[in-house]
Structure formats: structure tokens, C-alpha cells
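User: Please take a close look at one part of this model for me. I would like its surroundings, its pairing and its cover, and then whatever else stands out in the chain.

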Amino acid sequence: MYSLLIAEDEGWMRDVLAAAAYWEQCGITRIFEASNGEEAYRIVQANKVDFILSDIRMPVMDGLELLAKAKERSPDIEIVMLTGFDDFDYVRSAMRLGAYDYLLKPASDDELVQLFLKLSRHKNAKQAEQYRIAMEQSAWKQSKQLLQEQFLASWFSGRKTDYGWFQQKCKELDVAWLPHRYVVFLFEADQLHVLQNHFGQRDMELLQYGIRNIAEEYLKERGLQFHIFTVDERMAVWCEAGADPAETEALLGGIRQSAKRFIKITVSVGISKQHSAETEAFQAYIEALNSLKMKLYLGNDQTYFFDELQFEGDRQLFHRELQQKLHNCVVAGNEEELHAILSALFDEIRRKKIAVQPLDQMLQLMMQMVSESASFDGADMPLGHSEDEWMGKVRAMDTIDEIEAYVTSSFQHAARQAAEKRKQRKSKLITDILRFLEEHYSEDISLQTLAEQFYVNSSYLSRLFKEEAGQIYTKYMMQLRIEKAKHLLKSTHKKVYEVSEEVGYTDVKYFNKIFKDMTGLTPAEYRDL
């Protein structure tokens, strides 16, 4: 059931303790032994240890240091110290470091049994308490409030559409709704992606909790009926509609100002039109979302009313001809034209203030184009993101300027990758020629001879060779021959003139000159390195 580590430098004492018959009576079924603190700590690192019985004074690492290290690594370990000295300085240090108790050596069997029975009961009670807390937390997660919020999130986000199901769930979860007309508020912390990168999950939960508390306080103060729930990391409020829009704006302005004051963040709010039918919940949610997304064009820390928005049609804005132009620019590596096309497109998006759904569809098309254009040339998805990550990053952005900069950067990155891949690829003709030269480098082969060998025009071959091999033909042959000569000089005992002839130079003086020009050394000097 439990494990015990006995750390004692006196072998006979350790043997006696380890062989004692009463450990099982204390719920201890596994015994570890160590002759010093360092050895004991290695056992703690490698095994699950529940209790430690340790001498205070031991070589290498004493009991106090073992106690400190073991507690730091595994706070739940209970440690009993043994000392042969009635020295309360040691005792005080041990207790301060978290020892459960101490015994003076030689400890009797009865003392050990009583203490470890007490320890086992303490451990049992602690585990029972941990289990109780875990069960309470689990029950809390399944509480009515959480189920209500999950239910409302499913209904308003359109994941559930059956009105019969909605009515039944309202009864089961005691979701009452009396007002004749309602609106949906959608709250979102501004620069959410920046906050998520800066804060951990727990801190983000506290921020959302703070916004919720502030909103609840204001709504209760106004005497409005409401339900709060979360959809896609945004706080949604199904709220009784007020008679005066100015009062609603003042209410939401107060919530925003309090969030800025107490939580030190800005919040934007989107508001739907007024609705009466519960079946219009999804429509109301989309209106609030479209309103909220106006911060793309109008900025953060504002309240946006759907009734005040004016959208122009986006039909044909991102038409097939434009998509083809973008694709061609990526494949051709034309970053300048890419920038001009995207700049004009985003200017139109700003002018027309495209609503969130068509804008999202447009961005998804762009993402697919970036991915497909890059893969067309064997490149990777830009900026190291998967398609889902790319869209998630774009959707988290607050302004259209951020989105334009990121989209443009992605397209240009794909164009650069495609251009780089093309540079790295060699045509089949040049690949075949390089293979041929690797086998015939010692022969006297002019560019004209090579062109005739491969049935191409010599001027065309000269231009293509330089473009794909990275240097002119004569320079390439010279470098290839010298590399072969370097290998022969190091790997054989052939004389310099023999190496010269073998790599295609009949004039050894000319070979020596070329070799020194390219390596800075004579062949003999190179061989002696």
C-alpha cells in the first residue's frame, strides 16, 4: 500500500530496520534502503516513496539536506528523522524543513510502530480529503449553471436548431425567459491574441471572470433579466432589451470603463437588433458578431450597434481572375506585384466594410491559395503554420491593418519560397550534362562539343548552364578538374604530372598555375598538408 525509504549509514541498524516484521502492520509493503542522503535522493527521484525514515548525520549528504531536497521534489512525502543526539538545534531545523516527526536513537519497536501507524492514518485521511475535493470539483463542473451555459451556447451559436429540444432543455435546466424583446451582447477583450501569448491559461480565465463579474454587476443594478454564457472565447449575454438605446450604450460604456479601470484591459462590444422569437437566437448572435467585428475597421474599445451598420455587397470582390493573378505572382516569385494587388483588395474591403462571414470566407480562400501556391513549387506552408493555425491567427486579429500585413507577409513568404525552390531545381538537360561531365571531365570537351552532344544550341546552353550551375562552363570544368586532382593528390602516390594528365591537363606547368590560382597552394604543397 505504502512505500518506505530507510536512509541510515550504519549497516547493521539499516538491516535491522529493514527486516522488521511490523511494517506491514503499518500499511507499508515496500522497503527501499540507502546508506547516505545522496543515494536516498536518487531513490526518491526514481521511485514513488511515501515515507522516509532517515538518520540526521550521514556521509555525502546528511539527513537535513535530504529532507529539504525530498520535500522540494515531492511535497507529499512524510519524513521522520532519527538522531542519536538529544540536540534540539537539529530537531528544530528538521521540523522547520517539514519533517513530520523525529525519534531519538535507539528507537524502540513500539515507538516506531505507533509513529508509523499514526503516519498511515494521516496519509489515509489526506488521500480521502483529496478524493472528496476532487469529487466536489467534478460535481461543480456538472452543476446546473454550467449546463445552462453550455445549452445556451449551443442554441445561440446555431449548433442546435430544434426548437422542441430548446423548450425541453429550458424546462430541464430551469432556464426561464419572461421579457417580450431581447438583444444579444457579445463582449471580447481587445488584442486577445496578444493577451493569450502574454498570459497563461489561468490568467486568461481570471480576465474573463473579471469581465463577467463587472457585466453581471451592471446588469443586476439595472434590474434587467439576462443569461451569460461563452461562445468561442467571447462572452455572450442574452439580455432583456431596454427601451432607450442611449441607456443601453451608457450601460455598456460603464462596463467597458470598469474593465479598463479594474482589469487594465479594453473590451469591445457588439449588439444585435432587438428580437422577440426565441427561434431568432442564432440570427441575433450573428448580428452581434458582425457588429463586434466592426472593430476591424473602426478600432477597439467601442460599442457597435447592428442597427447602425451599413454593409456593401462583396459580390465579385475576390473574383477568380484576381485569384489567378495572385497565384501567378506567387509561382513567379513576384513580390512587388503581389503587394500591389493585395493592397488594392484590402482597400476595397475597408471601403465596403465587409461583414465577418464573407470576410472569413475570403480569408479562407486566401489561405488555401497560399498553401496551394506554395505546394505547387514544393514549398512549405508560410511562417511555419498549419492551415488551421493560420486561420486561427487571422481570426484573432483586431484590425484590418493587422490582417492585411499578415496576409501580405504570408503571400510574399510563399513567393520567396517558390522562387528559392526553383533556383534549387535543375532542368533535366543540365542534370544530364553534369552527370556526363562527372564521367568525362578528363576529356577535351568544349561548350560547342557539349551542345552538339546534347542536340542544343550552344548559346542557349551557355546561358542555361550559367543560370542553373551557378557559373560559366569553363569555370565549372576548371573547378571540377581541380577537385578531382585534390582527391588524387591525397589518396594516391601518383606524381604531379600523372595527376595533371589524369584530370585533363597535358601541360603540367599550366596545371600547376591553375591549381595554385584556385587553391592558393601548389599541388606539392597541397599534398604535404
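Analyst: Strand 9 and strand 10 (residues 303-305) run parallel, joined by three bridges. One contact shows the register: isoleucine 271 has phenylalanine 305 as its bridge partner in strand 10. This is a predicted model, so every value here is computed from predicted coordinates.

Strand 9 also pairs with strand 6 (residues 182-189). Here the direction is antiparallel, and five bridges hold the pairing. Glutamate 188 is bridged to serine 268 of strand 9.

Now the cover. Strand 9 spans residues 267-271, and five of its five residues are buried. Which residues lie on each face of strand 9? Val267, Val269 and Ile271 are on one side, while Ser268 and Gly270 are on the other. Both faces are covered.

Just ahead of strand 9 comes a loop that follows helix 10 (245-263), and lysine 264 sits in that loop. The backbone at lysine 264 has a positive phi of about 65°, although the residue is not a glycine. Most residues other than glycine have a negative phi. Lysine 264 counts as exposed because its relative accessible area is 67%, and the cut-off for exposed is over 50%.

Valine 60 is another non-glycine residue with a positive phi, about 70°. Its place is the loop between strand 3 and helix 3. Valine 60 is exposed too, at 62% relative accessible area.

Back to the strands. Glutamate 188, the bridge partner of serine 268, also belongs to a network of salt bridges. The other members are Asp190, Arg234, Lys295 and Asp398. Strand 8 covers residues 234-240 and contains alanine 236. Alanine 236 is buried, with a relative accessible area of 0%. In space, its C-alpha lies 4.6 Å from that of leucine 186, although the two residues are 50 apart in sequence.

The next stop is charge pairing in the rest of the chain. Side chains of opposite charge can pair when their charged atoms come close. How many salt bridges does the structure hold? The count is 32.

Lysine 105 is a good place to start. Lysine 105 pairs with glutamate 8, with the closest N and O atoms 3.3 Å apart. The two residues are 97 apart along the chain. Lysine 105 lies in the loop between strand 5 (101-104) and helix 5 (109-141), and glutamate 8 in the loop between strand 1 (2-7) and helix 1 (11-19). Are these two residues buried or exposed? Both lysine 105 and glutamate 8 are buried.

Lysine 105 has a second partner, aspartate 55. The closest N and O atoms of that pair are 3.2 Å apart. Aspartate 55 belongs to strand 3 (residues 51-55) and lysine 105 to the loop between strand 5 and helix 5, so this salt bridge ties together parts that are 50 residues apart in sequence. Aspartate 55 counts as buried because its relative accessibility is 5%, and buried means under 20%.

The backbone at lysine 105 also stands out. A cis peptide bond joins lysine 105 to proline 106, with omega about -5°. Most peptide bonds are trans. Proline 106 is in the loop between strand 5 and helix 5.

Helix 5 has a salt bridge of its own. Lysine 126 in helix 5 meets aspartate 76, with an N to O distance of 3.4 Å. Aspartate 76 sits in the loop between helix 3 (63-73) and strand 4 (78-83), 50 residues from lysine 126 in sequence. Aspartate 76 is partly exposed, at 41% relative accessible area. Lysine 126 is partly exposed as well, at 28% relative accessibility.

Last, the surface. Where does negative charge gather? Glu372, Glu387, Asp388 and Glu389 form a patch of negative charge there. Helix 16 (residues 387-395) supplies the largest share, three residues. Glutamate 389 is in helix 16. With 47% relative accessibility, glutamate 389 counts as partly exposed.

Key. Residues numbered from 1 in each chain as written. Predicted model: local features only at pLDDT ≥ 70, side-chain atom pairs only at ≥ 80, totals over all residues. Heavy atoms only, no water. Patch = residues over 30% accessible without salt bridge, like charges linked within 9 Å, V, L, I, M, F, W, Y side chains within 5 Å. Areas by Shrake-Rupley, 256 points an atom, 1.4 Å probe, with all protein chains shown as cover. Salt bridge = Lys/Arg side-chain N within 4 Å of Asp/Glu carboxyl O. Lys, Arg positive; Asp, Glu negative; His and termini not counted. Charge placed at Lys NZ, Arg CZ, Asp CG, Glu CD. Helix = DSSP H or I, 4+ residues; strand = E, 2+ residues; numbered from the N terminus. Buried < 20%, exposed > 50% of the residue type's maximum accessible area, 1.4 Å probe, protein only. Pairing = 2+ DSSP bridges.
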